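Hi,

Here's the structure I said I'd pass on to you. Have a look at it first, then read on for what turned up.

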Amino acid sequence: MTILLAVLVGLLLCGLYPCVIVPDLADRWVRKHFVASDYGLAPRGQLDSSRPGPPPPPHRHREGQAVADAAWNGDWRVAEAYVRAAGEDWDERWSRTELLQEVAREEDAWLEAWRAAEPGNCDAATLRARIMVQRAWAVRGGGFAHEVSKDRMKSFRAMLPAAIEEARRAALLDPANPGPWVVMVTAARGAQYGRARFRPLWDGLVARAPHHYEGHWQALQYWCAKWYGSDRLMMRFAGRAVREAPQGSPLAGMYLHALEELVGRPATAFSSTPLVRGHLKRVAASFAEVDPADERLPALRHLLAHYMLRSRMYGPALEQFRLIDPWCGAEPWRREGGPKAAFETARGRAVKLSRASATGTVRSHGTAR
């Protein structure tokens, strides 16, 4: 019995050593000895927790402000031209209507004027449908279903069919535009669409834009366990996104969103497996082909570094930290308390456990880069 007990204790320690003991020892080293600049990383004093990555170029801010100002002054034509200029870059077109949606939250008279002047404009109709969905979700709130009152849930579900119908009418105005289909996919889970009703909406979306980022994110939500799917279906959907992500697209990031959804539930623990590590490697390879100026990329790199670290992929995680520096205003670090301290510990752990050598040189890390 004593021998059996010794064996069991030994097995327990073998399991705990790489997962608990080694990271704890590394964290002690970080607190006492880690000097980021010795490894070509931004000094802790230069870390910026205000954002996950560099701010957009000034011209993007000026352009967006000009559109908002014109709309608030009643000129919808600037908004129409702004969206139209995106052409058939459907992700960019969606992003631009997202800005207009935020503008319309404060004042939507300009949108109603646009709809009246151009009743056949798909973008205006799609924007109106988006706002209807947004207002329905505002009534519901962001809590889990059991946290939402019956009255609010009833109002929420009563508002969504009209939004879906508005999106269906918008789809008829421009059959090539996937925007209305993204709205329908978004609203479907709140409208209690079963899988048989959801799939035609998804098929309609991917027929028009097979790699639409927001469309995939909304579908991922549908397939998660808290809505109408399961962990298995969600992870299968996310894995397919990794495999099918085209060059230059951050679509492989769906896998990271799926991991966030999976471990976001208190009873679910993250488990690193060869399959997970293989997917993370493919995500990193896919991100290497994405334009560094893509504004979605920095936040995704933070998640990638976080899950690589949890998967004991210390060298690859350190590569991501080098690409992220000096920005640390992202979710993995914010939820652990002070983002600067959490980020410092994480990248220090990656340095220590990857056995990285000191560079002997100091890189310049300006927060304006």
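Let's start with helix α15, in what is a predicted model. Which residues of α15 are buried? They are Tyr314, Ala317, Leu318, Gln320, Phe321 and Ile324. If you look down the axis of α15, those buried residues fall within an arc of 160°, so they line one face of the helix. Why would residues scattered along a stretch of sequence end up on one side? An α-helix has 3.6 residues a turn, so residues three or four places apart point the same way. On the other side of α15 you'll find Glu319 and Leu323, and these are exposed.

Keep your eye on Phe321 for a moment, as this buried residue has a partner, Trp333, which is buried too. The model has 17 aromatic pairs in total. In the pair made by Phe321 and Trp333, the ring centres are 5.9 Å apart and the planes sit at 40°; stacked would need under 30 degrees and edge-to-face over 60, so this pair counts as tilted. Phe321 belongs to helix α15 (residues 314–324) and Trp333 to helix α16 (residues 331–334), so the pair links parts of the chain that are 12 residues apart.

There's also a cluster of rings to find elsewhere. Ring pairs join Trp137, Phe156, Phe198, Tyr222, Trp223, Trp227 and Tyr228 together.

Rings have charged company in a couple of spots as well. The charged end of Arg130 sits over the ring of Trp94, at 3.7 Å from the ring centre. Likewise, Arg197 has its charged end over the ring of Tyr193, this time 3.8 Å from the centre.

Now for the empty spaces. The second largest pocket holds about 680 Å³ of space. Its lining has 30 residues, and the ones closest to the pocket centre are Trp137, Arg189, Trp217, Gln218 and Trp227. You've already met two of those names, since Trp137 and Trp227 are also in the ring cluster. Which elements give two or more residues to the lining of this pocket? They are α4 (90–106), α6 (122–140), α7 (150–173), α8 (179–188) and α10 (213–223). Helix α6 gives the largest share, with five residues. Sorted by class, the lining of the second largest pocket has 11 nonpolar, 10 polar and nine charged residues.

How many cavities of 30 Å³ or more does the whole structure have? A search finds one. The space in this largest cavity comes to about 70 Å³. Around the cavity are Trp90, Arg93, Trp94, Thr97, Asp123, Thr126, Asn177, Pro178, Gly179 and His212. Trp94 is the ring that has Arg130 over it, so you can use that pair to find your way there. Both α4 and α6 supply at least two residues of the cavity lining, and the largest share, four residues, is from α4. The cavity lining splits into three nonpolar, five polar and two charged residues.

Last, the whole thing. The protein has 17 helices and zero strands, and 47% of its 369 residues count as buried. Along the principal axes, the C-alpha trace spans about 80 × 55 × 35 Å.

Cheers

Definitions and conventions
Residues numbered from 1 in each chain as written. Predicted model: local features only at pLDDT ≥ 70, side-chain atom pairs only at ≥ 80, totals over all residues. Heavy atoms only, no water. Phe/Tyr/Trp six-rings, centres within 6.5 Å; stacked < 30°, edge-to-face > 60°. Buried < 20%, exposed > 50% of the residue type's maximum accessible area, 1.4 Å probe, protein only. Lys NZ or Arg CZ within 6 Å of the ring centre and 35° of its normal. Arc of directions from axis to C-beta. 1 Å grid on protein atoms, 1.4 Å probe; cavity = no way out; pocket = protein on both sides within 12 Å on 5 of 7 lines; lining within 4 Å. Points joined across faces, edges and corners; volume = space filled by probe spheres on them. Nonpolar A, V, L, I, M, F, W, Y, C, P; charged D, E, K, R; others polar.
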